[in-house]
Amino acid sequence: MNADVLQFFESHIDALPIYEALENAVLRDIQPVEVRVQKTQISFYNRRMFACASFLPARKKKDRPDTWLTVTFGLDHPVHSPRVDVVTEAQPNRWTHHVLISAPKEIDGELLCWIKEAAEFSARRMRVPPANYVSHTSSS
């Protein structure tokens, strides 16, 4: 286990087994993946970030279990499932999904299917220049 990951979970150590199950499944099923530990989340990248784990409170406190982790992923369409706590259209045709996980067993085939789809979506996405971008080409 990476020291940065352990530090990330220092105040939420009970959620570490949930993250370990998530990381193991992602690294087993998706290639290539780069894991980046940041201050507020642990992100999974291929060309771009396709998923992350955080303590984003995707549910009201009274509806959250004592131990939990939020898994976030992006797709080109919204997923309608009782497991998805929040869906937002972050950009046109880019939907962000937040799923609150409370046990390692919830890192299952359905969640991994969504994460794999997010990795494929991330890998094929083209970088879109800002609206005010002007392309400069040289001609000979």
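Across which strands does helix α2 lie, and at about what angle does it run to β2? In this predicted model, helix α2 (residues 16–29) lies across β1, β2, β3 (49–54), β4 and β6, and its course makes an angle of about 10° with β2. Local features are described where pLDDT is at least 70, side-chain atom pairs count only at pLDDT 80 or more, and totals for chains, interfaces and linings use all residues. Residues are numbered from 1 along each chain as its sequence is written, and side-chain values use heavy atoms, with hydrogens and water left out.

A few terms help in reading the fold. Helices (H or I, at least four residues) and strands (E, at least two) are DSSP runs, numbered from the N terminus. Axes are lines fitted to C-alpha atoms, for helices over the stretch in contact, and angles run from 0 to 180 degrees between N-to-C directions. Contact means heavy atoms within 4.5 Å. A second helix, α3 (residues 109–124), lies across β3, β4 and β6, running at about 45° to β4.

The sheet itself comes next. Six strands form an open sheet in the order β1-β2-β3-β4-β6-β5, with antiparallel pairing; two strands pair if DSSP finds at least two bridges between them. Strands β1 and β5 (86–91) stand at the edges with a single partner strand each, so one side of each has no neighbour in the sheet. On average, neighbouring strands of this sheet are turned by 20° against each other, direction ignored. Within the sheet, β4 (residues 69–75) and β6 (residues 94–101) are joined in the antiparallel sense by seven bridges, and Gly74 has Thr96 in β6 as its bridge partner.

At the β1 edge, strands β1 (residues 34–37) and β2 (residues 41–45) pair in the antiparallel sense over four bridges. These two strands form a hairpin with three residues between them, and Val35 stands opposite Phe44 in β2. Ser43 also lies in strand β2. Its relative accessible area is 0%, so Ser43 is buried (under 20%; exposed is over 50%, and partly exposed is in between, with a 1.4 Å probe and protein chains only). The side chain of Ser43 makes a polar contact with the side chain of Gln38 at 2.9 Å. Such a contact is a pair of N or O atoms within 3.5 Å; within protein, one must be able to donate a hydrogen and the other to accept it, and residues adjacent in sequence count only if both atoms are side-chain atoms. Beyond its neighbours within four places in sequence, Ser43 is in contact with residues including Met49, Ala51 and Cys52.

Aromatic rings add another layer to the picture. Eight aromatic pairs are found in the whole structure; rings of Phe, Tyr and Trp (its six-membered ring) pair if their centres lie within 6.5 Å, with planes under 30 degrees apart counted as stacked, over 60 as edge-to-face and the rest as tilted. The rings of Phe8 and Phe55 have centres 5.7 Å apart and planes at 20°, so this pair is stacked. Phe8 belongs to helix α1 (residues 3–8) and Phe55 to the loop between β3 and β4, 47 residues apart. Phe8 is buried at 11% relative accessible area, and Phe55 is buried at 17%. The rings of Phe9 and Phe55, with centres 5.6 Å apart and planes at 80°, make an edge-to-face pair. Phe9 is buried too, at 0% relative accessibility. One aromatic cluster is formed by Phe8, Phe9, Tyr19, Phe44, Phe50, Phe55 and Trp68.
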